[in-house]
Amino acid sequence: MRFAAAVGFALAAVFLAATAVAAVAGHGPLRSSTGQPIPARPAATGEAITGGDHRSAVTDEPPATAGRPSAARPVQVRIPALGIRSSLERLGIGADGALSAPRDPAQAGWYADGPTPGDLGAAVIAGHVDSTSGHAVFWRLAQLHRSDRVEVTRSDGTTVRFAVQEVRRVRRDRFPTVEVYGPLPDRGLRLITCGGLYDHQRGRYRDNIVVFALAT
Amino acid sequence: MGSGWLRRALAATAALMLPGAIVLVGAAPASAVATSYVRLAHLSPDTPQVDVWLTSFRGDSFSKVLRGVGYGALSPYERVTPGRYTISMRKPGAASDSPPLLSTNVSVRAGHSYTVAGVGPNASVRLRVLDDDLSRPSAGRARLRVVQASSASPRVDVSTSTGVSIAKAAQFPSTTAYVEVPAQRWTLRAAPTSGGGAATTVSVDVTAGSIFTALVLDAKSGKGLQLVVRRDAAGANRMPAGSVAAGLGGGTSAGPGGASAAAPSLMRSSGGVVGWPLAALVLALGLAGAAMTTVRLASRDCDAG
């Protein structure tokens, strides 16, 4: 037993040394989460707004999505940097009150009781990190970097492009619910999967990976 | 015996990884998605069109101009980094270094949203900075406020068709506090508090989890009011509880009964460049301590069948 523990220590030490060196060398993929506030870029929209047009109507922001929340739904998500391309099922809230994960581990899903990607607000797309037997659609999600592109095609034929602002690993018992689902005065997207340690006893991952993105 | 030995060794490794992961998560910032927003409004009925400039104090040449902004206009929110900004109104086409008609400064805090509005009659027009509260309304509800920018009707009432009062005798120019209303399709009605003048109504799909601003304006032509409702921010209609169970464990590097247990993200600390060396130091101290004593290693999370 002592021998086993000693080997364990040795393996752990080697692993840590290697990863510490990698981190110092700048290979830590989650560099966007080092604590500085995200230096947001000014939005790309630069047109003049027209004055004096004040019909009695509800208008969303930005003007590109003027009108009520669209009836469009997202049909495909693409993450070119990771080679991910998936159609989308509709997700809802399960009996436990939590967001249900997609039925098919190979397919991502969109939370249909929230904003549509490209509309005002934070749209949510979730996908499994793995199935019971191997990798799933969002296996590599944690490898995204700030500024990586995410594209969503909608049922109205439009494609909305998002840029990653932050990739964050959060403990599932400290999930940032309001940040993910709360009001946003912008066109945002959140991608969610599991991460961290898998607890075989409880059959669950300890963490979620949450990717925050804004429309470009 | 050989495989049991290896398994325990791997289990020890994985168990030692666990505290490292906790340290790293603890080192992560609580919130780094702290984008701030500023938008601009022209709410002075008898002030002609202007160009509105938003300029950073930092001298990083961030400057944004909205040209030909007329009464009733409310721009989209602009993403800005926190810091000090100057908002200036100039005659249309005037150079950015020409003296402004009006200007004010705003300190933009991380994660906050602001509306900077030119308000009041032209003779005494001024720029007002509103710190917009875009925090989450209670479950099943939305939040709504009224900006009274009609000079023709100095006092205005705004209510729902079901009689819920949103603003009572709101004076020109003013902004009410946000009121929470149940989410549903509302017909909002604005009317002068006293005297004649026709009321105006607008039908609004007030969705749960969203924030709205109702602008009361002088009608474009003739007398009377115009009511414009803007969705300032949108959230999920229903907010799921907690996290998402988006993994089934089959991608972990050891099969059933195996020791290691990590999605690909384990290697990628959210502590980034600082986190791993720190974790390595903490764990090295831990290892030294552990080596002094005989530790019976429980494989905890990782060695379950």
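1. Eight strands of chain A form a closed barrel in the order β2-β3-β4-β5-β8-β9-β7-β6, and their pairing is mixed. Neighbouring strands of this sheet are turned by 35° against each other on average, direction ignored; for such angles, axes are lines fitted to C-alpha atoms (for helices over the stretch in contact), and angles run from 0 to 180 degrees between N-to-C directions. Here a strand is a DSSP run of E with at least two residues and a helix a run of H or I with at least four, both numbered from the N terminus, while two strands count as paired if DSSP finds at least two bridges between them.

2. Before reading further, note that this is a predicted model, in which local features need pLDDT of at least 70, side-chain atom pairs count only at pLDDT 80 or more, and totals for chains, interfaces and linings use all residues. Residues are numbered from 1 along each chain as its sequence is written, and chains are lettered from A and ligands numbered from 1 in the order in which they are written.

3. The model scores ipTM 0.73 and pTM 0.73. For chain B, the mean pLDDT (the predictor's confidence in each residue, from 0 to 100) is 77, and 71% of the residues reach 70 or more. Residues 12-32 of chain B have pLDDT below 50, although this stretch has 55 contacts in the model beyond near neighbours in sequence; residues 254-262 of chain B are also below 50, with 28 such contacts. Two residues are in contact if their C-beta atoms, placed from the backbone, lie within 7 Å. Where pLDDT is low, the predicted coordinates should not be read in detail.

4. Returning to chain A, one finds two helices and nine strands, which follow the pattern α-β-β-β-β-β-β-β-α-β-β along the sequence. Of its 216 residues, 48% are buried, a residue being buried if 20 or more other C-beta atoms lie within 10 Å of its own, exposed if 12 or fewer, and partly exposed in between, with C-beta atoms placed from the backbone. Within the barrel, strands β2 (residues 74-79) and β3 (residues 84-91) of chain A pair in the antiparallel sense over four bridges, and Val77(A) has Ser86(A) in β3(A) as its bridge partner.

5. Chain B comes to two helices and 17 strands, and 50% of its 305 residues are buried. Among the contacts in chain B between residues at least 6 apart in sequence, 65% join residues at least 24 apart.

6. What is the order of the open sheet of four strands in chain B? The order is β11-β10-β14-β15, with antiparallel pairing. Strands β11 (165-171) and β15 (200-206) of chain B stand at the edges with a single partner strand each, so one side of each is left without a neighbour in the sheet. The twist from one strand to the next averages 15°.

7. Looking at the pairs in that sheet, strand β14 (residues 184-192) of chain B is joined to β15(B) by seven antiparallel bridges, and Ala190(B) stands opposite Thr200(B) in β15(B). Strand β10 (residues 155-160) of chain B pairs with β11(B) in the antiparallel sense over four bridges, with Val158(B) and Ala167(B) as bridge partners. These two strands, β10(B) and β11(B), form a hairpin with four residues between them, and Gly163(B) in the turn has a positive phi of about 95°.

8. A further hairpin joins strand β16 (residues 211-218) of chain B to β17(B) through eight antiparallel bridges. It has six residues between the strands, and Gly222(B) takes a positive phi near 70°. Leu215(B) has Val228(B) in β17(B) as its bridge partner, and β17 (residues 225-233) of chain B is mostly covered, since eight of its nine residues are buried.

9. The largest nonpolar core (a set of buried Ala, Val, Leu, Ile, Met, Phe, Trp, Tyr and Cys residues joined through C-beta atoms within 7 Å) has 109 residues, and those touching the most other members include Ile125(A), Val158(B) and Ala214(B). Strand β9 (residues 204-215) of chain A gives the most to this core, with eight residues. Beyond its neighbours within four places in sequence, Ala214(B) is in contact with residues including Leu144(B), Val158(B) and Val229(B).

10. Is Arg145(B) buried or exposed? Arg145(B), which lies in strand β9 (residues 141-149) of chain B, is buried because 20 other C-beta atoms lie within 10 Å. Leaving aside neighbours within four places in sequence, its contacts include Thr175(B), Tyr178(B) and Thr213(B).
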